[in-house]
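This briefing sets out the architecture and selected local features of one protein chain. Please consult the sequence and the structure alongside the text.

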Amino acid sequence: MSPATDSTAPRRAAGPGDHVRSAPPRWRLVVPVKPLSIAKSRLAGAIGPGHRPELALAFALDTVRTALTCDRVHGVLVVTDDDRVAAAIRGLGADVVADVGGGLNAALAHGARIAGAARPCTGVAALSADLPALRAEELDRVLAAATGVRRAFLADAAGVGTTLLAAAPGVALAPGFGGPSRARHLASGAVELTPYDVDSVRRDVDTGEDLRAAIGLGVGAATAAVLPSVPFSPRAAAS
């Protein structure tokens, strides 16, 4: 998620111990959303601070709405302390749980425990909340690739961060998001997923250039509705 420079970490191939025999075909997703007042701070230089909260909310709504339509997703749990985010997310049909503090990885671990306890036979995957161009069929390919693997992850478009981390039923998620998380997840024993044509799942948005790339892929309706009021070019239409 961060434009660091550690994109040369070697991939680790799946080994015999990484696979489980009866992984389910569907997943519970955990999506962390910061309070809108502090979300997407690095975008402020590209779009102005006044538009940042609206775009952050739009990104999360497009991410969750699309995830809920994915064939392999059996529900989405959003971890947030923002009342506005919680209300909007519940309106989409997703579940919401309060953050416990301690940062992003603590929030994801908390959400994963709740999601796993609710459906112990279902795998759990953490998904970034800033994927406004997300396509359900591409997310489905990623989750299909993760099925049968104990822990697996998808690197972001820069090859430095992580946009999805999955754990099979009964396996701790052990998230290590933030900065050069690709290398961190590899070092933790997670298998890197390399499915074809999943650009929308890799395309998180932290900077103006990231936003431009997401617009090029085609953003969702919530983000497209906000963009005309944002001093950022080019504009986008809903995909």
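In what order do the seven strands of the open sheet lie, and what is the sense of the pairing? The order is β3-β2-β1-β4-β6-β5-β7, and the pairing is mixed. The edge positions are taken by β3 and β7, each with a single partner strand, so one side of each has no neighbour in the sheet. The model is predicted, and every value below is computed from it.

**Overall composition**

- The protein chain contains nine helices and seven strands.
- Of its 239 residues, 55% count as buried.
- The accessible surface of the protein chain amounts to about 9,700 Å², and carbon and sulfur atoms account for 54% of it.
- Among contacts in the protein chain with a separation of 6 or more, 68% are between residues 24 or more positions apart.

**Strand β2 and its partners**

- Strand β2 spans residues 73-79, and six of its seven residues are buried, so the strand is largely enclosed by the rest of the structure.
- With strand β1 (residues 27-32), β2 pairs in the parallel sense over five bridges.
- In this pairing, Val-30 stands opposite Leu-77 of β2, and Val-31 stands opposite Val-78 of β2.
- β2 also pairs in the parallel sense with strand β3 (residues 95-97), here over three bridges.
- Val-79 stands opposite Val-97 in β3.
- Together with helix α3 (residues 83-92), β2 and β3 make a β-α-β unit, which is right-handed.

**Nonpolar cores**

- The largest nonpolar core comprises 56 residues. Those with the most contacts inside it are Leu-29, Val-76, Leu-127, Leu-139, Leu-143, Leu-164 and Leu-211.
- Helix α2 (residues 52-68) gives the most to this core, contributing nine residues.
- A second core, separate from the largest one, has 20 residues, including Ala-112, Ala-115, Ala-168 and Phe-177.
- Leaving aside neighbours within four places in sequence, Leu-139 is in contact with Leu-29, Leu-127 and Leu-164, which are also listed among the residues with the most contacts in the largest core.
- The other contacts of Leu-139, with the same neighbours left aside, are with Ala-67, Cys-70, Val-73, Leu-134 and Val-201.

**Thr-66 in helix α2**

- Thr-66 is found in helix α2.
- Why does Thr-66 count as buried? Its relative accessible area is 16%, and a residue is classed as buried because its value lies under 20%.
- Not counting residues up to four places away in sequence, Thr-66 touches Leu-134, Arg-135 and Ala-136.

**Glu-192 and Gly-179**

- Glu-192 is found in strand β7 (residues 191-192), one of the two strands at the edges of the sheet.
- Glu-192 is buried, with a relative accessible area of 8%.
- The side chain of Glu-192 makes a polar contact with the side chain of Arg-182, at 3.1 Å.
- Gly-179 lies in the loop between β6 (162-167) and α6 (181-187).
- Is Gly-179 buried or partly exposed? Gly-179 is partly exposed, with a relative accessible area of 21%.
- Gly-179 and Thr-162 are 17 residues apart along the chain, and their C-alpha atoms are separated by 8.9 Å.

Note on methods
Residues numbered from 1 in each chain as written. Predicted model: local features only at pLDDT ≥ 70, side-chain atom pairs only at ≥ 80, totals over all residues. Heavy atoms only, no water. Core = buried A, V, L, I, M, F, W, Y, C linked by side-chain atoms within 4.5 Å. Buried < 20%, exposed > 50% of the residue type's maximum accessible area, 1.4 Å probe, protein only. Helix = DSSP H or I, 4+ residues; strand = E, 2+ residues; numbered from the N terminus. Contact = heavy atoms within 4.5 Å. Areas by Shrake-Rupley, 256 points an atom, 1.4 Å probe, with all protein chains shown as cover. Pairing = 2+ DSSP bridges. Right-handed = clockwise from strand over helix to strand, strands pointing away. Polar contact = N/O pair within 3.5 Å; in protein donor to acceptor, adjacent residues only side chain to side chain.
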